[in-house]
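Thanks for asking me to look this one over. Here are my notes, set out point by point so you can follow them with the viewer open.

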Amino acid sequence: MGTDITLQNVWFHYYPNTQAKENWAVKDVSLTFSQGEYISIIGSNGSGKSSLACLLNGLFIPSEGKLFINGTAIDSDQDRWEMKRRVGMIFQNPDNQIVAPSVLDDIAFGMENLGVTREDMQIRIQQVLQQVGLTGFEKKEPHHLSGGQKQRLAIAGILAMQPDVILFDESTSMLDPDGRNSILQLMSELHDVGITVIHITHQASEAFRADRIIVLHQGSVMLDLPKKSLYANAAQLDQWGLDVPLSIQLHQALRKKGWQVSDKVESEEQLVSELWTLM
Amino acid sequence: MDIDVKELSYVYQKGTPFEEQALSNVSLAIPHGKIQAIVGKTGSGKSTLIGLLSGLLRPSSGSITIGDYHVTSKTKKIPFRSKVGVVFQYPEQQLFAETVFKDIAYGPSNQGVSLKGIEDRVQQAIKMVGLDETLLSKSPFGLSGGQMRRVALAGVLAMEPSILILDEPTAGLDRAGSEQLLSLIQSLHEKNQVTIILVTHQMDEVARLADQVLVMDKGESAFYGTPIELFSDKERLREFGLELPTITKLINHLNHRINSPIPTSIFELDQLVAYLEKRRKETENE
């Protein structure tokens, strides 16, 4: 049955009574995330991305507005507990989310808290190790792993709890290119098996891997578009302090010089084929 | 101060079961005032090389010459330490003082600079990194991540190094933060003639800033030359586990379709646009 999350006019501030509402971290956000989607949330530092992430898995409670899972309002601590079970979260710093002295124990930690039986744990551990590509690492000490491997271990620990949704909060920003690519690849694989992937980032190049892209700026949603439509509107990203993909910058520059290219392109591929015919 | 590194090697925990050769026979020459990029995968020896160049580690063999100072495995006190400033990865984690002023002043006060001198240097450093003077009396821990990083950088600049080593200076910053930092590096290089050694995973930064680039692989120097040379060979780059700069990827994408290829020595969008314009005009005149 899965997990659909709906935010209805959600506002958030750590100390809501101390600040005027225009300075709040999340301002009047209404969004729906359906089971199986692959979504990127982009925004510059301080845009409210991480606050939104914490709202989505019950770490923060909306100061105003409502949150629903499959149409049922999340009100009590019991509801939020259930929400945390359904929505797993991977943080930015790989060193901050490892709790046990071995890979095996680290994956078991979350399951222990859920009361999973030993037999079931053993099966799940092998499954998730294979899923993240760490089979054979059971006895390793986490501090001997590379950054990318640590992030994959963190993902394995979350997967073992069998969530419907995984939130990645800038989970690639501290990794080298190899580690980064392995995590991005894993996100696609998780999406392929039906898990909702929500990737929070400020890198446009990473965001464009998702099917749907949400732009946050000063706590509010500026855009919420499928990737295809965003590509055509990506020049706007600049005003919110975000990267505009280079191919779009090129497209715009050439149009200004009077090149006969279509006014809206949907992908780099399309731009390349148009330019080729002109040369 | 020119830097000349000859057949430099370093072994960690020599003579123990944990002995590990982290660097073997690396040579490089960095003329004064240049921007040298050092790239390579995690574990390729970049950090060891930085440790040696900054005088935190002593070579196991080989030599480092910086200006008139010469260091070998026999050197007791490394003489160039105060000339080389290092901004480590995530330098904001190293802030410690109760005010921004005290944090920036810590380095020069250890160098024996007079009180008045320290005051001047702090003022100058905070200006260089583009932060407001009113922040000097504030706690560094109340600042944003990007501001904290610039305070940490100011603390190194206040020591007036002639050589500045930056280890992934833009990691984790958003576009505005990265842009500010890269422009700052460029202006330090141009106005103050500081030699810059930039360790990075970002090939866009290498293409944009570096005069020369060293690729480290398994503790050895795998490539030493200009960015244009490095990015001209896609296969070799893949062997090193490195990516192409975004603009080079785009040019290669275009080159799949175009008969006479666009040169991959173009690293700026303006240059690419100008080049394409020229090509189009030529085609029209034919």
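1. Chain B contains 10 helices and 10 strands. Please keep in mind as you read on that this is a predicted model. The C-alpha atoms of chain B occupy a box of roughly 70 × 50 × 35 Å along the principal axes. Its radius of gyration is 21 Å, which agrees with the value near 19 Å for a compact globule of 286 residues.

2. On packing, 53% of the 286 residues of chain B count as buried. If you take the contacts in chain B between residues at least 6 apart in sequence, 60% of them join residues at least 24 apart. The exposed area of chain B is about 13,500 Å², with carbon and sulfur atoms supplying 49% of it.

3. For electrostatics, chain B carries 31 positive and 35 negative side chains. The centres of these two sets lie 3 Å apart.

4. Turning to the partner, chain A has 10 helices and 10 strands. Its radius of gyration is 20 Å, close to the 19 Å that the globule rule gives for 279 residues, so chain A is as compact as a globular protein of that length. The C-alpha atoms of chain A fill a box of roughly 70 × 50 × 35 Å along the principal axes.

5. In chain A, 54% of the 279 residues are buried. Among its contacts between residues at least 6 apart in sequence, 64% link residues at least 24 apart. Chain A has an accessible surface of about 12,400 Å², and 48% of that belongs to carbon and sulfur atoms. It has 23 positive and 34 negative charges, whose mean positions are 2 Å apart.

6. How much area do chain B and chain A bury between them? The figure is about 2,800 Å², with 61% of it on carbon and sulfur atoms. In chain B, the residues that lose the most area to chain A are B:Asp174, B:Arg175 and B:Arg257, which together make up 24% of what that side buries. The contact draws 26 residues from chain B and 31 residues from chain A.

7. Is B:Thr170 buried or exposed? With a relative accessibility of 8%, B:Thr170 falls under the 20% cut-off, so B:Thr170 counts as buried. B:Thr170 sits in the loop between β7 (163-167) and α5 (175-191) of chain B. Leaving aside residues up to four places away in sequence, B:Thr170 touches B:Arg149, B:Ser178, B:Leu181, B:Leu182, B:Gln202 and B:Glu205.

8. Helix α1 of chain A, residues 49-56, is worth a look. In this helix 7 of the 8 residues are buried, so α1(A) is largely enclosed by the rest of the structure. The buried residues of α1(A) are A:Lys49, A:Ser51, A:Leu52, A:Ala53, A:Cys54, A:Leu55 and A:Leu56. After α1(A) comes A:Gly58, with a positive phi near 80°.

9. My last stop is helix α2 of chain B, residues 100-110, where the buried residues are B:Val100, B:Asp103, B:Ile104, B:Ala105, B:Gly107 and B:Pro108. What covers these buried residues of α2(B)? The cover includes α3 (115-128) and α4 (145-157) of chain B. Just after α2(B), B:Gly112 has a positive phi of about 80°.

Technical notes:
Residues are numbered from 1 along each chain as its sequence is written. Chains are lettered from A and ligands numbered from 1 in the order in which they are written. Side-chain values use heavy atoms; hydrogens and water are left out. Helices (H or I, at least four residues) and strands (E, at least two) are DSSP runs, numbered from the N terminus. The radius of gyration is taken over C-alpha atoms; the globule rule is 2.2 Å times the number of residues to the power 0.38. Buried means under 20% relative accessible area, exposed over 50%, partly exposed in between (1.4 Å probe, protein chains only). Contact means heavy atoms within 4.5 Å. Accessible areas come from the Shrake-Rupley method with a 1.4 Å probe; for residues, only the protein chains shown count as cover. Lys and Arg count as positive and Asp and Glu as negative; His and the chain ends are not counted. The place of a charge is taken as NZ of Lys, CZ of Arg, CG of Asp or CD of Glu. Buried area is the accessible area (1.4 Å probe) that two parts lose on being put together, summed over both.
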